Amino acid sequence: MPGIRSSRITPLNRTGGRAVDPWKSVRRTAGLVAFGWASAAGTTGLAYLTLGLEVVPIAVGVLLCLTFAVMMLLLHRAVWLTVLSAVPALFVLVGSVQYAPEAALEQRGVRESVVIVADTAAGTSSSNHRFTLRGADGKELEEKLGFDGEAWAPEVGDRLDVIRDPEGAVPMEQADDVDAAGRLGGLIGGTVAWTLMAVLAGWRGHVRRRRDSDSLVYQLL
């Protein structure tokens, strides 16, 4: 009739909630899962291509992890699961960044027994150690061993086993700290946890949309 405006009526489901296409929720969830796996694989591949420049994969990895968190927040429409996803995100980031250089050291690295003869942080309050090392032949190595932190820091006179890259692309590390299999396990474990959280977020987000429980501020539960 003239003068009467027609309003759009949202169809309801059997429970009285808003009708939501379940396949749309499935596609969103699958997209988030695919993004998580692609992020982990992409950061790992970038770490291989930029050996010795860890700042590059770290920056990209952090950006991708934050993007994953935002996508999960939009899918789930709640905060708590997004906060929990930060734990596997840390495993993904550390694993993807450190797997490549440690794998390179295991594959082509030279293991050597050395003695610490000097420490740049000795006599200072700095926790940024750069150790000068003397090899088994009595000669000092040109490359220095880096160590950040005070806990478990080696001291001058300590004997260590190190693995160094003959090509010089990867910084030298203590032999006990090189564990490519462990980094890969953490990377895969974190990505699997991401996958499970994404599935849970997709299901709960779908239920929320059906109940029309959206609000301007995302709910905590």
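In this predicted model, helix α4 comprises 23 residues, for which a rise of 1.5 Å a residue gives an expected span of 33 Å; the C-alpha atoms at its ends lie 34 Å apart, so the computed distance agrees with the expectation. The helix nevertheless contains a kink of about 35 degrees, located at Tyr-99, shortly before the proline Pro-101.

Helix α4 also takes part in the largest nonpolar core, which consists of 17 residues. Two or more residues of this core are supplied by each of α1 (22-49), α2 (55-76), α4 (86-108) and α5 (180-211). The largest share, 5 residues, is that of α5. Within the core, the members that touch the most other members are Leu-32, Met-72 and Trp-194. When neighbours within four places in sequence are set aside, the contacts of Leu-32 are with Phe-68, Met-71, Met-72, Leu-75 and Ala-198. Apart from this core lies another, made up of 11 residues that include Leu-141, Leu-145, Phe-147 and Ala-153. In soluble globular proteins, nonpolar side chains tend to be buried together.

The largest pocket encloses about 730 Å³ of space. Its lining is formed by 19 residues, of which Gly-146, Phe-147, Asp-148, Met-172 and Glu-173 are the closest to the pocket centre. At least two lining residues are supplied by each of α4, β3 (145-148) and β5 (173-174). Strand β3 gives the largest share of the lining, 4 residues. Phe-147 therefore appears in two settings, as a member of the 11-residue core and as one of the lining residues closest to the centre of the largest pocket.

Methods:
Residues numbered from 1 in each chain as written. Predicted model: local features only at pLDDT ≥ 70, side-chain atom pairs only at ≥ 80, totals over all residues. Heavy atoms only, no water. Core = buried A, V, L, I, M, F, W, Y, C linked by side-chain atoms within 4.5 Å. Buried < 20%, exposed > 50% of the residue type's maximum accessible area, 1.4 Å probe, protein only. Contact = heavy atoms within 4.5 Å. Expected span 1.5 Å × (residues − 1). Bend = angle between axes of the 7 residues up to and from the residue. 1 Å grid on protein atoms, 1.4 Å probe; cavity = no way out; pocket = protein on both sides within 12 Å on 5 of 7 lines; lining within 4 Å. Points joined across faces, edges and corners; volume = space filled by probe spheres on them.
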